[in-house]
Amino acid sequence: HIGKLTELRLSFGMILKENCSLDIGENNRLLEISKLYLFNKAKLLIGNGNIISSNFFITCHSSTETIIKNNCLFSCNLSFINGDGHSIFDVETKRKINDMKTASDARRSIIINDHVWIGRGAFVLNGSNIGEGSIVGAHSLVKKAFPNNCIVAGSPAKIIKRNVCWTGNNDIEDINACKPYINMTKDLDE
């Protein structure tokens with residue numbers, strides 16, 4: 001299902017394998033999705049009101065899901081890669097150690113919650129869950145869960161500032177323009 005898009009520019013290679021699911025909500029501005037790969041039993045959900053800039057690369061390997069909720073802002077040159085794409089085995093036990101079919105839901109997923117801003121050149125990998133109202137710094141590598149209303153940056157990403165909110169308009173001088181995303185950061189174990 002692909003809903004009404006405000007703008008859509010496609011300059012990409014696309015692979016959609018059997019039993020995959022692609023759902024794009026309403027009023028998204030997808031300026032350029034460069035590559036979109038959905039393998040067997042993979043799911044990609046893009047909510048409503050998101051802005052995706054240029055050169056966005058999304059890979060959902062078999063039995064994984066990527067969820068982008070609502071009102072997010074994505075800079076250019078981003079990669080969302082859910083899974084390894086190649087089998088890795090333990091030589092001693094002969095068992096596959098990166099099988100997504102048997103992994104926990106959290107390890108198989110990328111979840112971007114409402115009103116998240118991801119900076120230029122970031123990599124977001126399986127196991128990522130970025131809390132509502134958060135910001136991911138440019139060129140960061142994200143591969144774990146982070147709470148709401150914080151700035152994460154680095155490789156690997158870590159929290160560098162809590163209790164933040166943001167708006168996409170640089171000319172705004174009043175914090176009230178950030179409503180309803182003015183919240184204190186709550187640690188994940190709270």
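**A walk through the rings, strands and cysteines**

Let's start with some aromatic side chains: Tyr37, Phe39 and Phe57 are linked into a cluster by ring pairs. Keep in mind as we go that this is a predicted model. Across the structure there are 6 aromatic pairs. One of them joins Tyr37 and Phe39, with ring centres 6.4 Å apart and planes at 50°, a tilted arrangement. Phe39 itself is partly exposed, at a relative accessible area of 22%.

Now turn to another pair, Phe56 and Phe80. Their ring centres sit 4.9 Å apart, and the planes meet at 75°, so this pair counts as edge-to-face. The cut-off behind that label is an angle over 60 degrees. What does the pair tie together? Phe56 belongs to strand β6 (residues 56-60) and Phe80 to strand β9 (residues 78-82), so the two rings connect parts of the chain that are 24 residues apart in sequence. Phe56 is buried, with a relative accessible area of 0%, and Phe80 is buried with a value of 0% as well.

Next comes the sheet. As a reminder, strands of a sheet pair through backbone hydrogen bonds, in either a parallel or an antiparallel way. Here you can trace an open sheet of 6 strands with parallel pairing, in the order β2-β4-β7-β10-β13-β16. Which strands are at the edges? Those are β2 (21-24) and β16 (145-146), each of which pairs on one side only. Further in, β7 (residues 65-68) and β10 (residues 109-112) run parallel and are joined by 4 bridges. Look for Ile67, which stands opposite Ile111 of β10.

Ile111 is a handy stepping stone to Asn129, a residue of strand β13 (residues 128-130). The two are 18 residues apart along the chain, yet their C-alpha atoms are separated by 4.6 Å. Setting aside residues up to four places away in sequence, Asn129 touches Ile111, Asn113, Lys144, Ala145 and Phe146. Asn129 is partly exposed, with a relative accessible area of 27%.

Follow the chain on from β13 and you reach Ser134, in the loop between β13 and β14 (135-136). Is Ser134 buried or exposed? Its relative accessible area is 0%, so Ser134 is buried. What lies around its side chain? A polar atom there is 3.1 Å from the backbone oxygen of Gly131, and the backbone nitrogen of Cys150 lies 3.2 Å from a polar atom of the Ser134 side chain. Beyond its neighbours within four places in sequence, Ser134 is in contact with a list of residues that includes His115, Trp117, Pro147, Cys150 and Trp166.

Cys150 brings us to the cysteines. How many disulfides does a search of the whole structure find? The count is 0. Cys72 is in no disulfide, and its nearest cysteine sulfur, that of Cys150, is 14 Å away. Cys72 is also buried, at 2% relative accessibility.

Cys178 deserves a second look. Why does Cys178 have no bond to Cys165? The closest cysteine sulfur to that of Cys178 is the one in Cys165, at 3.6 Å, which is too far for a bond. A disulfide would need the two sulfur atoms within 2.5 Å. Like the other cysteine just described, Cys178 is buried, here with a relative accessible area of 7%.

Note on methods. Residues are numbered from 1 along each chain as its sequence is written. This is a predicted model: local features need pLDDT of at least 70, side-chain atom pairs count only at pLDDT 80 or more; totals for chains, interfaces and linings use all residues. Side-chain values use heavy atoms; hydrogens and water are left out. Rings of Phe, Tyr and Trp (its six-membered ring) pair if their centres lie within 6.5 Å; planes under 30 degrees apart count as stacked, over 60 as edge-to-face and the rest as tilted. Buried means under 20% relative accessible area, exposed over 50%, partly exposed in between (1.4 Å probe, protein chains only). Helices (H or I, at least four residues) and strands (E, at least two) are DSSP runs, numbered from the N terminus. Contact means heavy atoms within 4.5 Å. A polar contact is a pair of N or O atoms within 3.5 Å; within protein, one must be able to donate a hydrogen and the other to accept it, and residues adjacent in sequence count only if both atoms are side-chain atoms. Two strands pair if DSSP finds at least two bridges between them.
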